[in-house]
Amino acid sequence: MQTASTIQNHLMQALSKADCHCHTLFSDGTLSPKALLDLAKEKQLTGLSITDHDTVDAYPIALPYAKQLGISLVPGIEISAHYQNASIHVLGYAFDLSNPVLSLFCERLQAQREERNHKILAKLAHINLPVTMTEIQERFPGGTIGRPHIAKIMVEKGYVKTMQKAFQRFLGEKQRCYVGGMTITVPEAIEVIHAVGGFAVLAHPHGLKPKVLEALCEMPFDGLEVYYGHLSLKQEQPILSIAVRKNWLITGGSDFHGEKKSFHGLGCSFTPPETFAHFVERTNSHQLAIENTSLNSHSV
Ligand code: AMP
Ligand code: ZN
Ligand code: FE
Ligand code: FE
């Protein structure tokens, strides 16, 4: 027989839907934080984590607005790291947003990106496909700038038909305008997330080479992004097995970037309610610690 509390649990789970992977204008998404939250409300999501690439700049705007809408917003970030030659994305969740360690780390990432962007633009200029820093800054004011932004401008200037083509012909790995230069390793990304009290999760591991996945799973992650976009059960299953075997958190999200028609509609994948409850609990514990510290400092 089901008790009232198990029924309540089932009900909570049925009602809870949290997309823990999406992007705003502060990285390569097309929506502002407020527009993204409006869409989350429209889609009846109860929770969200905005995971912009290498920045948490959406949060000062997003947090009060999410509260107003009654959406539970958990701090998140997607850090660009690498393992050997592979580019690896590390998701961080439920960290203490006020901890300066993370903002300093993001500044370091932004500086690396700026240097790399200049090198990419120099290579493009060299083959007579000029894109200037001013054009980029005017088109994308603020936030993390990366290859997707450069690709978008290349499409807009008529150099290529699609962003995909820009990557395939020029910006992708091994192409002639490719520049590496992001030097953060996966253990460093995990370490910084832990240092600010967060959970480190390996993003979209499904396409990784088995040997790379195996090596990454020896690292001190707290979870795996099992549910992602519109992947099939068959694709999710091996990742789910690893997460269960390692007793790691199981997360999920759409990786929505704001496109109208795409693989990644907001809310198409979501994080299991048990995991999201951990995220909320951890986020609240940081808030409580801050409140206690400020109370104590007032009482002395
Ligand atoms: P960056 O962080 O500047 O190296 O850019 C990486 C981002 O570019 C990824 O998160 C993807 O969104 C996008 N990207 C990478 N490869 C491709 C590709 N072949 N086609 C389209 N977008 C890509
Ligand atoms: Zn992105
Ligand atoms: Fe990613
Ligand atoms: Fe992403």
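## Surroundings of ligand 1

In this predicted model, a polar side-chain atom of Gln-164 lies 3.0 Å from a nitrogen atom of ligand 1. On its own, ligand 1 has 510 Å² of accessible area, and the protein covers 69% of that area. Two arginines also have an N or O atom placed 2.8 Å from an oxygen atom of ligand 1, with Arg-113 using its side chain and Arg-147 using its backbone. The table sets these three contacts side by side.

| Residue | Part of the residue | Atom of ligand 1 | Distance |
|---|---|---|---|
| Gln-164 | side chain | nitrogen | 3.0 Å |
| Arg-113 | side chain | oxygen | 2.8 Å |
| Arg-147 | backbone | oxygen | 2.8 Å |

The residues around ligand 1 are Asp-28, His-53, His-89, Arg-113, Arg-116, Gly-146, Arg-147, Pro-148, Gln-164 and Phe-167. By character, this shell is made up of four charged, four polar and two nonpolar residues.

Where in the chain does the shell come from? At least two of its residues are supplied by each of helix H4 (100-126), helix H6 (147-156) and helix H7 (163-171). Viewed by domain, at least three residues of the shell come from domain 1 (16-107 + 184-294), and at least three come from domain 2 (113-171). The space that ligand 1 takes up is the largest pocket.

Technical notes: Residues numbered from 1 in each chain as written. Chains lettered and ligands numbered in written order. Predicted model: local features only at pLDDT ≥ 70, side-chain atom pairs only at ≥ 80, totals over all residues. Heavy atoms only, no water. Near = heavy atom within 4 Å. Polar contact = N/O pair within 3.5 Å; in protein donor to acceptor, adjacent residues only side chain to side chain. Areas by Shrake-Rupley, 256 points an atom, 1.4 Å probe, with all protein chains shown as cover. 1 Å grid on protein atoms, 1.4 Å probe; cavity = no way out; pocket = protein on both sides within 12 Å on 5 of 7 lines; lining within 4 Å. Sits in = over half its atoms within 2 Å of the grid points. Helix = DSSP H or I, 4+ residues; strand = E, 2+ residues; numbered from the N terminus. Nonpolar A, V, L, I, M, F, W, Y, C, P; charged D, E, K, R; others polar. Domains from an automatic or database assignment.
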